[in-house]
Amino acid sequence: MESLFSSFNTIIEQTDTKFIRYIYSDINWNNRLIAITGARGCGKTTLLLQHIKKAYSNRINEVLYVSLDNIWFTTHNLVQLADEFNRNGGKILFLDEVHKYPSWSIEIKNIYDSYPNLKIVFTGSSLLEIYKSEADLSRRAITYHLFGLSFREFIELEYGIKLKTYSLDDIISNHINIASEINKEIKPIPAFKEYLKYGYFPFFKEDKNTYLQRLLNTLNTILEVDLPSSQKIDFYSIHKIKKLFYIMSSLVPFTPNITQLSKEIDVTRISLLNYLTYLEKAQAILMLNKDALGMKYLAKPEKIYLANTNYAFALAGDKTNIGSIRETFFYNQLMVRNDVLFSNKTDFFINNKYSFEVGGKNKTNKQIQDIEDSFVVKDDIEIGYFNNIPLWLFGFLY
């Protein structure tokens with residue numbers, strides 16, 4: 001266990017707290033059992049370490065951070081760690097990447113029940129299903145999901161300019177004033193084009209030149225490693241899922257023909273729908289549905305997008321379709337704090353109230369002129385007018 005503390009002390013010293021993700025203030029860190037899920041590379045590990053450094057710098061001996069893929073666990077288990085940690089005065093365990101530890105849910109439940117004075121914060125893949133785990137931790141754990149960077153966060157991380165978040169209602173009712181204030185701090189359009197290409201995952205700061213290739217490598221790891229470890233599916237299925245993803249990546253956004261896709265992938269309809277669900281949970285795709293509950297069993301999504309605009313550039317490069325990019329960005333940013341639904345009349349129906357049509361700066365109001373609470377979202381404009389709102393401004397929702 002000494003080696004775990006040694007590694008922990010080394011990594012905590014290197015942790016920077018200048019930029020902290022949006023979700024930090026949403027989390028009630030006082031809860032006894034906290035789960036933080038999210039896609040690989042979105043910043044879950046950094047979030048844990050930043051909290052430790054901010055909240056426990058004077059009580060560092062009371063906490064321990066450990067990644068569950070540490071070699072220490074080849075000869076020890078999690079319950080042993082918790083027992084020794086508790087006996088030596090430990091208060092909070094921070095457990096990273098729990099999906100890499102086969103019996104994580106049962107052992108965390110045992111620790112929770114056996115050591116009432118011990119708090120646990122753990123992270124896992126976005127594929128992790130807390131309520132479906134062997135121990136069903138849903139009644140015990142408070143779960144938070146971390147998405148990739150918003151456009152607002154990208155500006156802060158890349159340019160050091162800290163700006164406010166706004167609710168959707170704020171933007172709808174006051175978008176001209178809000179956009180005017182932001183334009184005093186930064187010219188949003190050039191920064192927005194950068195964000196669309198490489199700004200969704202924080203690791204872009206390491207090397208922008210190799211970011212897109214590393215992004216594809218990360219996606220491959222999610223599909224080949226995180227997916228089977230979380231969902232217990234075989235290599236044959238992984239191969240089919242990867243094939244499905246790469247076929248769809250050249251078509252999005254599109255309305256899927258389930259029968260045709262099933263034949264092309266050579267799987268049953270039920271298997272295909274399951275594969276789509278896996279890709280959605282892995283945050284590889286976004287599925288647009290008619291109701292807020294998501295895809296019904298044996299029902300197809302109305303439309304499918306890539307999960308973020310960076311994937312589009314990584315897969316298609318300069319051949320990326322700008323219309324697809326605009327809609328993907330809008331959906332990607334809105335879904336974090338709003339219900340995004342399919343509409344027969346416009347591109348999106350939000351919170352069962354607002355209708356949005358997304359396009360370029362020359363997009364007209366023709367399609368929404370007879371629709372109540374409707375808006376045109378325009379790319380390549382700094383400030384909007386009437387019910388015409390700049391696309392980039394929806395990157396300030398979180």
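This is a short talk on a nonpolar core, a pair of strands and one buried asparagine in a predicted model.

Hi everyone, thanks for coming. Let's start with the core. The largest nonpolar core in this model has 143 residues, and Phe122 and Phe394 are the ones with the most contacts inside it. Which helix gives the most to this core? That would be H8, residues 211–231, with 7 residues.

Let me stay with Phe122 for a moment. If we set aside neighbours within four places in sequence, Phe122 is in contact with Leu33, Ile34, Ala35 and Ile36. Its contacts also include Leu95, Val98, Trp104 and Ile108, and then Leu128, Ile130 and Leu137.

Now to the strands. E6, residues 285–288, and E7, residues 303–306, run antiparallel and are joined by 4 bridges. One pairing to look at is Leu286, whose bridge partner in E7 is Tyr305. In a regular strand, side chains alternate between the two faces of the sheet. You can follow that along E7: Lys303 and Tyr305 point one way, Ile304 and Leu306 the other. Are these four residues buried or exposed? All are buried, and that includes the lysine.

Following the chain out of E7, we come to Asn308, in the loop that leads to helix H12, 309–316. Asn308 has 2% relative accessibility, so it counts as buried, the cut-off being under 20%. What does Asn308 touch, beyond residues up to four places away in sequence? Tyr200, Phe201, Thr328 and Asn332. Closer along the chain, a polar atom of the Asn308 side chain lies 3.0 Å from the backbone nitrogen of Asn310.

That's my tour, and I'm happy to take questions.

Technical notes: Residues numbered from 1 in each chain as written. Predicted model: local features only at pLDDT ≥ 70, side-chain atom pairs only at ≥ 80, totals over all residues. Heavy atoms only, no water. Core = buried A, V, L, I, M, F, W, Y, C linked by side-chain atoms within 4.5 Å. Buried < 20%, exposed > 50% of the residue type's maximum accessible area, 1.4 Å probe, protein only. Helix = DSSP H or I, 4+ residues; strand = E, 2+ residues; numbered from the N terminus. Contact = heavy atoms within 4.5 Å. Pairing = 2+ DSSP bridges. Polar contact = N/O pair within 3.5 Å; in protein donor to acceptor, adjacent residues only side chain to side chain.
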